[in-house]
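Biologist: Could you take me through this model feature by feature, giving the general idea each time and then the case at hand?

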Amino acid sequence: MNSAPVQQRFNRSSLPTWVKVITRSFHGGVHPEEFKTISNQLPIDRLAQPEKIIVPLSQHLGNPATPIVSVGAEVIAGQLIAEAAGHLSVNIHAPYCGTIEKIETSFVAHPSGMDDLCIHIKTNDKEAVFRYPKISDYKNTEIDELVKRINEAGIAGLGGAGFPTHIKLGTQINTLIINAAECEPYISCDDKLLQEEPNEFVEAAICVAHIVNAEKIIIGIEDNKPEAIEKLIAAIESAHKKNQSDLIELHIVPTKYPSGGEKQLFELLTQKQLPPSIRPAQLGYLIHNVATIRAAYRAIVFGEPLTERVVTVTGDACPSPKNYWIKIGTRFADVLAQTESQHAQQMIMGGPMMGFEVKNSNAPVVKTTNCILLQKKAHQVQEQPCIRCGECATACPASLLPQQLYWFARSDNFEKAQEYHLSDCIECGACAYVCPSEIPLVQYYRYAKSKMKEQAIAKAKSEHAKERHEFREMRLAREKQERAEKHKQAALARKQAAEKKGIEDEKKATVADAVARAKARKQALTNKNNEND
Amino acid sequence: MLNSSPFTKNKQSLSGLMTSVAWALLPGFIALFYFFGWGVVFNVVTCAVTCVLTEAAVLHLRKKPFIILKDYSALLTGVLLGLALPPLAPWWIAVIGSSFAILFAKQIYGGLGFNPFNPAMAGYVLLLISFPVAMTAWLPPQALAENNASFIDSLYIFLFSFDTHQHTLAYYRLGVDGFTMATPLDQLKTSKTMGYLISEVTNKAIFSDIVNVGWQWVNAGFLLGGIYLLVKKHIHYAIPVGVLVGLLFPALIFNGYSPDEYPSLIVHAFSGATMLGAFFIATDPVSAATTYKGRLIFGFGVGLITWLIRTFGGYPDAFAFAVLLMNMAVPLIDHFTQPTVYGYKTSPSQNEELNS
């Protein structure tokens, strides 16, 4: 239904050859009400500088970064304040000029609702800004240098998972896929970014493709973003003219949640499914989010560390829903105050399908905060019995049987759950969305998954212990055997020694005997002679 | 405890689903009422009330909140059973069947969602086996009946087995020709055992128009309601399609092979419980298979068993038996019809890529 405007605007015959309108979709999926127009009508705005900010040290996958500033130190905007701790970790920079107030645990936006270590900064009005040296001619720069820069600038996936970008870019692939689907209801931050800076985005895509040596770029976008599509087509057209090559393809996919899921988008754009436990890179594909591509590009060309992002602030409790440039570390409370949405009953980070509730407005915006959804009324469900209607199976984009998984999870039958491929569940929430009995299915799956993880760890532990025990037994047995062997050897040696001694005695005896006999004979002879004399 | 995503939900609700199904029964119900009179209404009301009361009583005993009644599943079970009972059967037939359905076929397993058997059909089979005479005493359609019962007479027969003029049910079962009328399927069964050809049987008064004035419209009514449910996506097409194929395909083949021995596809499609069963009874999600292929197989099995019993068995119609038999096979069917999970079906080209 939403494909109508695109089809009308871009008559299929008049579309450039590098624009494809995809009609074949993936299995399942749902069509929740989009609510995107409430936030994507106005230009991206900017929030004013708050008095204090809280920068969590763990905003990405991997280890939390290690703070390198001490309490009381003055920092300037863009200054490195925490260093990546290990390969999978990411640098963190100060978003504003200010003073380090304290480094301690405080509430962060995380599904677990737990506290985490954060750097608290009291901001000031200084205007100093730190930038890395610009690399404007990236095409003639060593790739390693570029990847190092992305590492330095603290870029992590801005789509939601927060995977360190420099690791993804350290591979060589054929096709760079850019995920501009933005399939979650309400969220429009990538859409707005594309609308406002299409040329920079295309330039960024070409830059990232250069880093990973990709021959082709495919941009996947849902057909409910006609303005972004129009601007992208113009931007790609001019880039193609400039570069004299048709490097970029734009694939317009039907609007259906979760088309922006990695596996689903992969299927939409390549007509292939991603085999289990195979990463796209192993097949020569790399999938990146729009905002991440932009951040990586700006880190290279402008030397900008990642300290801000576009966040959609929306929901019926927000009187001025739109997209804002928000500095990392800005507390939700400040966002609420500046957008006059203090009456929100429920704050959700991310979209309504996969986001999570944030209970404390002291939680700061992090690198993966794409949306703050403010609801007047908290969503509540009245769980009823499963009637096995199968709506969930129809909606499941992974082609699982959610109703069966639900029974197994409920009864702690994890072996059976695994047999029915629980681990292939992407937790998109389509099943719970359609469930007439309002069962929070995803919650059951998360429970089962964490239990299974626990069991796997326990099993590994016990196996390790068993292995150690067996090794010890073996060692003891070996030592015992060795000892026994040694004793045997010693005994043998003693015996041999004894025998040897015995033999020598015998020889001596024999000799002595012989001597004695000879003496005796001699004596006897002398005696005889004497007698004869 | 934190709430977990998703924080949004489509409009579909359990009670909405149940009430939609109940509304979709309306055309068939009206046709039944039109052709068979007030007995239909009494049956449906008595069964519905008994089912809801039984459910309430069990919920009370199990110390569960009465809000559960608002899923309307007990009500729907009652309505379905009421529609399946012969009109003007004594009231206690409806009461026994309904209370058994809720008590023994549903609540004893733990209530909605846990019952392996279709409660309405379990109740129906109990009645059919226990009270075969009452359960097979169907009225003739009013257009073909010698005597039509008024509301008061119907109520009297329903409650006391005698109407205001001391007539029993048998009086109202007389057809225009003065003989007690059987249902078309009944007629076929008895005539066949007596050695008549199908064509001879279908020439009788009970068979007119397509199948029979009353039954064809009743089935058409349920078909209409079923199509409404399909369009509204309240039921999945796999089960009804399976049922109709399982029932009508053998009918078509055998009728083509020997039209004198086997009634036609049309007779099967528009007689007895065919459409009610295909769209409303076999589609009970709790006791049916849940996978797509499984539903096709489940439906096909129900249709095929119905045809087999109608054709070779001892009962004129057999939907209830067919459903219960297939209910038993559901865990097996579901186990062997799991869909291929995303990513597990690799094409040869993909394997090549992986290996290269």
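**A buried lysine and its loop**

Modeller: A:K272 is buried, because its relative accessible area is 14%, and buried means under 20%. Please keep in mind throughout that this is a predicted model.

Biologist: Where is A:K272 placed in chain A, and with which side chain does the side chain of A:K272 make a polar contact?

Modeller: A:K272 sits in the loop that runs between α7 (262–270) and β13 (285–289) of chain A. Its side chain makes a polar contact, at 3.4 Å, with the side chain of A:Y285.

Biologist: Which residues other than glycine have a positive phi in this model, such as A:Q271 and A:S277, and how exposed are these two, A:Q271 and A:S277?

Modeller: A:Q271 is not a glycine, yet its phi is positive at about 60 degrees, and A:S277, likewise a residue other than glycine, has a positive phi near 55 degrees. A:Q271 belongs to the loop between α7 and β13 of chain A, and A:S277 is also placed in the loop between α7 and β13. As to exposure, A:Q271 is partly exposed because its relative accessible area is 41%, whereas A:S277, with a relative accessible area of 78%, is exposed.

Biologist: Let us turn to omega: which peptide bonds are cis, in chain A and in chain B?

Modeller: In chain A, the bond leading from A:Y257 to A:P258 is cis, with omega near -5 degrees, and A:P258 is placed in the loop between β12 (248–253) and α7. In chain B, B:S5 and B:P6 are joined by a cis peptide bond whose omega is about -5 degrees, and B:P6 is found in the segment before α1 (14–24) of chain B.

Biologist: Is A:K327, a lysine in a strand of chain A, buried or exposed, and with which residues is it in contact?

Modeller: A:K327 lies in strand β15 of chain A, which covers residues 322–327, and it counts as buried because its relative accessible area is 18%. Once its neighbours within four places in sequence are left aside, A:K327 is in contact with A:P95, A:Y96, A:T307, A:E308 and A:V365.

Biologist: How should I read burial for a whole helix, taking α15 of chain B as the case?

Modeller: One counts the buried residues along the element. In helix α15 (residues 274–281) of chain B, eight of the eight residues are buried, so the helix is largely enclosed by the rest of the structure. The buried residues of α15(B) include B:M275, B:L276, B:F279, B:F280 and B:I281, and B:T274, B:G277 and B:A278 are among them too.

Biologist: What can be said of B:T183, and how far apart are B:T183 and B:M326?

Modeller: B:T183 lies in the loop between α9 (169–172) and α10 (184–193) of chain B, and with a relative accessible area of 13% it is buried. From C-alpha to C-alpha, B:T183 and B:M326 are 25 Å apart in space, while in sequence they are 143 residues apart.

Biologist: Now for the chains as wholes: what secondary structure does chain A have, what does chain B have, and how does the radius of gyration compare with the globule rule for chain A and for chain B?

Modeller: Chain A comes to 14 helices and 18 strands. The radius of gyration of chain A is 37 Å, well over the 24 Å that the globule rule gives for 533 residues, so chain A is more spread out than a compact globule. Its C-alpha trace spans about 155 × 60 × 50 Å along the principal axes. Chain B has 18 helices and zero strands, and its radius of gyration of 22 Å agrees with the value near 21 Å that a compact globule of 356 residues would have. The C-alpha atoms of chain B fill a box of roughly 85 × 55 × 30 Å along the principal axes.

Biologist: And what of burial, surface and charge, in chain A and in chain B?

Modeller: In chain A, 52% of the 533 residues are buried, and carbon and sulfur atoms account for 51% of an accessible surface of about 25400 Å². Chain A carries 65 positive and 64 negative side chains, the centres of the two sets lying 9 Å apart. In chain B, 54% of the 356 residues are buried, and of the accessible surface of about 15400 Å², 69% belongs to carbon and sulfur atoms. The 17 positive and 16 negative side chains of chain B form two sets whose centres lie 15 Å apart.

Note on methods
Residues are numbered from 1 along each chain as its sequence is written. Chains are lettered from A and ligands numbered from 1 in the order in which they are written. This is a predicted model: local features need pLDDT of at least 70, side-chain atom pairs count only at pLDDT 80 or more; totals for chains, interfaces and linings use all residues. Side-chain values use heavy atoms; hydrogens and water are left out. Helices (H or I, at least four residues) and strands (E, at least two) are DSSP runs, numbered from the N terminus. The radius of gyration is taken over C-alpha atoms; the globule rule is 2.2 Å times the number of residues to the power 0.38. Buried means under 20% relative accessible area, exposed over 50%, partly exposed in between (1.4 Å probe, protein chains only). Accessible areas come from the Shrake-Rupley method with a 1.4 Å probe; for residues, only the protein chains shown count as cover. Lys and Arg count as positive and Asp and Glu as negative; His and the chain ends are not counted. The place of a charge is taken as NZ of Lys, CZ of Arg, CG of Asp or CD of Glu. A polar contact is a pair of N or O atoms within 3.5 Å; within protein, one must be able to donate a hydrogen and the other to accept it, and residues adjacent in sequence count only if both atoms are side-chain atoms. Contact means heavy atoms within 4.5 Å.
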